[in-house]
Amino acid sequence: MKRVHKVILTEKKGIVIGRTLIIADLHLGIEGILEEKGMAVPSLQIESIISEVREMIEEFGPEELVVAGDLKHEFSRNVPSEWKDIKRFIETVCKSVRLRIVRGNHDNFLQSILSKYGIEFSDSIDVDGYSVEHGHRESRSEKIVMGHEHPSIRLRHEGGIYSYRVFLHAKNDKREVWVLPHFSPILPGSNVLESGFLSPVMKSFSPDQIEVYAVEDDVYHMGNLKILKDFL
Ligand SMILES: [Mn+2]
C-alpha cells in the first residue's frame, strides 16, 4: 500500500479514505454477455472480487464500502441468472460493512434491486470531503474520486510486454482527482500512455499534472504521465 496524505492506495485496487473503502468498475455479470457473443467464459469474477474485498475489509477495518460506479456490466434484460452475482456481492458485503453505490454508465436497471436491500444509489457520494463519482460526466466538485477510465500502462522490457493497472492522481490549481483502476479481474485496461481519457473530468489536466501509481505486489509511484510518455 501507499499513503498520499490521507488517501491510502492498496495493491488490491481500492482506495481507503478515513473509514471508507472505495472500489470501482466491477462489471459483474460480464461473463454472461461474452457467452451471448459466442465465448464460453466460466463465472470467474465474483469469487475473486469477494475475496479481495474481504481481505481489504480485514486489513483496513472500514465502516463502509463505496462502489464508484459500474457495479455490473450492461445487460438489457432482467434475467434472474444475471442478477445472481449482484445478489451474492451485496449479501456478502453487507454482512460486515455498509454498502453505498454510485451510478455508473453501465448501471441501468440497478435501482430496483438496490432499493429492495435499502442501499443508497446516487450520482455522487461524499467521503471525507471527496466527491465519489463514476466519471462519465463533468463534475462541479473540486475534489473527486472516480473510476470509468480502467487505467493501465503497458511497458516493454527485454522483449516482454507487461501491463499494470494504475491509480492516477491529477492535480492543478482548480481540482484534485483520484482515478481508481478497474476492479474486474477479466476486463482489459486502457493504456493511458497511448490513448486519451474518456472522462470530461480528466480533460482539464496536462500529462505533467497526472501522477501514476502502478499496482503489482505493492503500489509503486511511477512519476508523472509526461515523464512516462517521453521515456517509453
Ligand atoms: Mn467501467
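## Strand pairing and core of a predicted model

In this predicted model, strand S1 and strand S2 (residues 7–9) run antiparallel and are joined by 3 bridges. Within that pair, Val4 stands opposite Val7 in S2. Strands of a sheet pair through backbone hydrogen bonds, in either the parallel or the antiparallel sense.

S1 and S2 belong to an open sheet of 7 strands, ordered S1-S2-S3-S4-S5-S6-S7, in which the pairing is mixed. Its edge strands are S1 (2–4) and S7, each of which pairs on one side only. From one strand to the next, the twist averages 20 degrees.

The table lists three parallel pairs of this sheet, each with one pair of bridge partners.

| Strand pair | Sense | Bridges | Bridge partners |
|---|---|---|---|
| S4 (residues 20–23) and S5 | parallel | 4 bridges | Ile22 and Val66 in S5 |
| S5 (residues 64–67) and S6 (residues 98–102) | parallel | 4 bridges | Val67 and Ile101 in S6 |
| S6 and S7 (residues 120–122) | parallel | 3 bridges | Arg100 and Glu120 in S7 |

S6 and S7 pair in the parallel sense, and Arg100 has Glu120 as its bridge partner in S7. Between these two strands the chain passes through helix H4 (residues 110–117), and this β-α-β crossover from S6 to S7 is right-handed.

Strand S8 (residues 125–127) contains Ile125. Ile125 counts as buried because it has 22 C-beta neighbours inside 10 Å, the cut-off being 20 or more. Not counting residues up to four places away in sequence, Ile125 touches Val66, Arg100, Val102 and Val132. Two of these contacts recur in the strand pairing described above: Val66 is the bridge partner of Ile22 in S5, and Arg100 is the bridge partner of Glu120. Ile125 and Ile144 are 19 residues apart in sequence, with a C-alpha to C-alpha distance of 9.9 Å.

The largest nonpolar core has 50 residues, and those touching the most other members are Ile22, Val67, Ala68, Val145 and Leu180. In soluble globular proteins, nonpolar side chains tend to be buried together. Two of the core residues also take part in bridges of the sheet: Ile22 is partnered with Val66, and Val67 with Ile101. For Leu180, leaving aside neighbours within four places in sequence, the contacts are Lys13, Ile15, Ile22, Ile23, Ala24, Ala68, Val145, Gly147 and Phe167. Among these contacts of Leu180 are Ile22, Ala68 and Val145, which are themselves named with Leu180 as core members touching the most others.

Over the protein chain as a whole, there are 5 helices and 16 strands. The C-alpha trace spans about 50 × 40 × 35 Å along its principal axes. The radius of gyration is 17 Å, which agrees with a compact globule, because a globule of 232 residues would have a value near 17 Å. Of the 232 residues, 36% count as buried. Among contacts with a separation of 6 or more, 68% are between residues 24 or more positions apart.

Conventions. Residues are numbered from 1 along each chain as its sequence is written. This is a predicted model: local features need pLDDT of at least 70, side-chain atom pairs count only at pLDDT 80 or more; totals for chains, interfaces and linings use all residues. A residue is buried if 20 or more other C-beta atoms lie within 10 Å of its own, exposed if 12 or fewer, and partly exposed in between; C-beta atoms are placed from the backbone. Two residues are in contact if their C-beta atoms, placed from the backbone, lie within 7 Å. Two strands pair if DSSP finds at least two bridges between them. A crossover is right-handed if, with the strands pointing away from the viewer, the path from the first strand over the helix to the second runs clockwise. Axes are lines fitted to C-alpha atoms, for helices over the stretch in contact, and angles run from 0 to 180 degrees between N-to-C directions. The radius of gyration is taken over C-alpha atoms; the globule rule is 2.2 Å times the number of residues to the power 0.38. A nonpolar core is a set of buried Ala, Val, Leu, Ile, Met, Phe, Trp, Tyr and Cys residues joined through C-beta atoms within 7 Å.
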